[in-house]
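Please open the structure in your viewer and keep the selection tool at hand, as this tour goes step by step from whole domains to single residues.

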Amino acid sequence: MCGIVGYMGNHDAMPVIMSGLKMLEYRGYDSAGICTIDAGAVEIRRSSGKLINLEQLIKDKPLSGTIGIGHTRWATHGKPTVANAHPHKGGGVVIVHNGIIENYLTLKDELITKGHEFTSETDSEVVSHLIDEHLKTSESLEEAVQQALKHLKGAYALCILSQKDDKTLIAAKLGSPMVIGIKGDEYFVASDMPAIISHTREIVVMEDGEMAIFRNGGVKFCTTDGSEITKASRFVDWSPLKAEKNGYPNFMLKEINEQPQAVRNVIAGRLLEEIGDVYLEGMNADDSKLNTFERICLVACGTSWHAALVGKYLIEEQCRIPVDVEIASEFRYRDPLVSAKTLVIPVSQSGETADTLAALREARGKDAYIVSICNVVDSSIARESDGVIYTHAGLEIGVASTKAFVTQLVALYLLTIRLGRANGTIDLAKGQQMIVALGELPELVKKTLELDPQIEEIACEYLTSCDAIYLGRGISYPIALEGALKLKEISYIHADGYPAGEMKHGPIALIDRDMPVFVLAPNDRHLVKVRSNMEEVITRGGKVIALCSEGDSETGRRANFTLTVPWAGELLNPVLYSVALQLLAYNFAILKGKNVDQPRNLAKSVTVE
Ligand code: F6R
């Protein structure tokens, strides 16, 4: 994962790089570092922990120079210590790296026998030594980089500086994202556009196997094997959204509370109530195209995978099209059954998740038609898809996904209407009814947010629990999974979600009087069965917190706590239950004094396998 930044121009590199790193902190925040070169002198500052530590270090020991590179890290190889923080220096070569060098141990051994001394446990350091080694026999830094890259296996986005050639910055990409910004004779390199577009809107998107060499106020693009290429720049017309807490104590709470508006945004301009249909502007597939698909395959990771599971319930039941839901990291390695008659739908907030992107490429190689559901506009997954349904949740800063998840659910509901209208499984009346229900959703989300004081009470009551279980049936089952994931991520309480009927096949052994069991019990067709599952827990002494529907005074009677959630209809209830469970996790985490925006070990965008 990690975020990289590079700069060459006529201004001080340090503030440009630091502001770029700030915008990339979502990619990792366990250590950070920066290097500039000024009149041949290489200056490096590195610190462990959040970027603020590096900012402090630089305040005490500033650096100068108009050329530099920076890095914010999410540790893969080696603990998040200062020694493992980037930039890494091998001889006179300094690099920052995003990706994983899979053969680093072999390369490291070879380089050690040639006299190189390593100071970190990272895979990345090997790149700096390898380039340094090739510099001995190459005519230029550019040639040394090209020679070195031939030996690397894995993924990289690299920015490279050399003490010997202190007027050159080189960037190279394979498998990890990289964009370049151009502003006259100033150049910006970054893992992602937000780090650049406050400086320039002229952007070049780098592709795998490409390099950029910045020297003397100019840039040369070539392939990593040395053939010169021409790259067209394009103008990016969206603005970097500002990350403001607007009076909230943290981004997560702000984003949870933004959900009524986020739902309005995802449906805005898309509802065609009169014809009982929806307009999905970027989908690029008309009815005849949609009706060629024999199967749908949703691919995603983490929270987005939970949204995809809800999508399966929606699409299979309403549109009668077979849907597989795949964990993206598994999909690509098992020769999946995908063809030109498969509609593959990657679901991703960031649009940069390496596993989801790789799954997309796997599907592309098998001729599938790809329509992604993404939040980040112009992200790699969006760019590489045949069509895209943007979720318009807005910038999500909190690492644990909240409003992005809820808008994914709504986007999948919209897609369900579109598919059902295209193949006739949803008729006019049903389409209209689904759209009306959607129109009422923002207000119901708002009403669900008002449950916060009761939810806080529940969190207080069970604050000392070490484990928790979430149960749901049917379309509520993926929401039980998501509720459990939210709790784990931000409060570090172990939690698992199960289909309520599956409890008796094993997990029920975990029930004792210390085990809180959150039961999702909307008043839908599964309620009678869910009540029985609740009884099984109560009988064994477990503590039941029942999330029931408005107007249902029966289900919660034997529960330890009842939370009454508004009713949005069976297909949209998952949205409201998600909001309630987000607040639950949030309250647990806050009461435990955790950092909800940047939970330990996590990053917002997972760009490594
Ligand atoms: C959890 C969370 C992650 C992401 C996952 C996929 O709160 O946010 O599980 O859902 O890393 O990320 P995207 O959706 O960006 O592909």
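The stops below take in the domains, then one interface, and then a loop.

Bear in mind throughout that this is a predicted model. Begin by colouring three ranges separately, since the protein is divided into domain 1 (3-242), domain 2 (247-439) and domain 3 (446-595). If you then select domain 1 and domain 2 together, you will be looking at two parts whose centres, taken over C-alpha atoms, are 34 Å apart.

Next, turn to the place where these two domains touch, where nine residues of domain 1 are in contact with nine residues of domain 2. The size of an interface is often given as the accessible area lost when the parts come together. Between domain 1 and domain 2 about 810 Å² is buried, and carbon and sulfur atoms give 53% of that area.

Which charged side chains should you select here? Show R234 and D378, whose side chains meet in a salt bridge at 3.4 Å, N to O. Across the interface of domain 1 and domain 2 there are two salt bridges, along with one residue pair in polar contact. On the side of domain 1 that touches domain 2, you can count six nonpolar and three charged residues, with no polar ones.

For the last stop, select E139, which you will find in the loop between helix 4 (125-135) and helix 5 (141-149). Is E139 buried or exposed? Its relative accessible area is 79%, and because exposed means over 50%, E139 is exposed. Finally, add S191 to the selection: E139 and S191 lie 52 residues apart along the chain, and their C-alpha atoms are separated by 29 Å.

Key: Residues numbered from 1 in each chain as written. Predicted model: local features only at pLDDT ≥ 70, side-chain atom pairs only at ≥ 80, totals over all residues. Heavy atoms only, no water. Domains from an automatic or database assignment. Contact = heavy atoms within 4.5 Å. Buried area = accessible area lost by both parts, 1.4 Å probe. Salt bridge = Lys/Arg side-chain N within 4 Å of Asp/Glu carboxyl O. Polar contact = N/O pair within 3.5 Å; in protein donor to acceptor, adjacent residues only side chain to side chain. Nonpolar A, V, L, I, M, F, W, Y, C, P; charged D, E, K, R; others polar. Helix = DSSP H or I, 4+ residues; strand = E, 2+ residues; numbered from the N terminus. Buried < 20%, exposed > 50% of the residue type's maximum accessible area, 1.4 Å probe, protein only.
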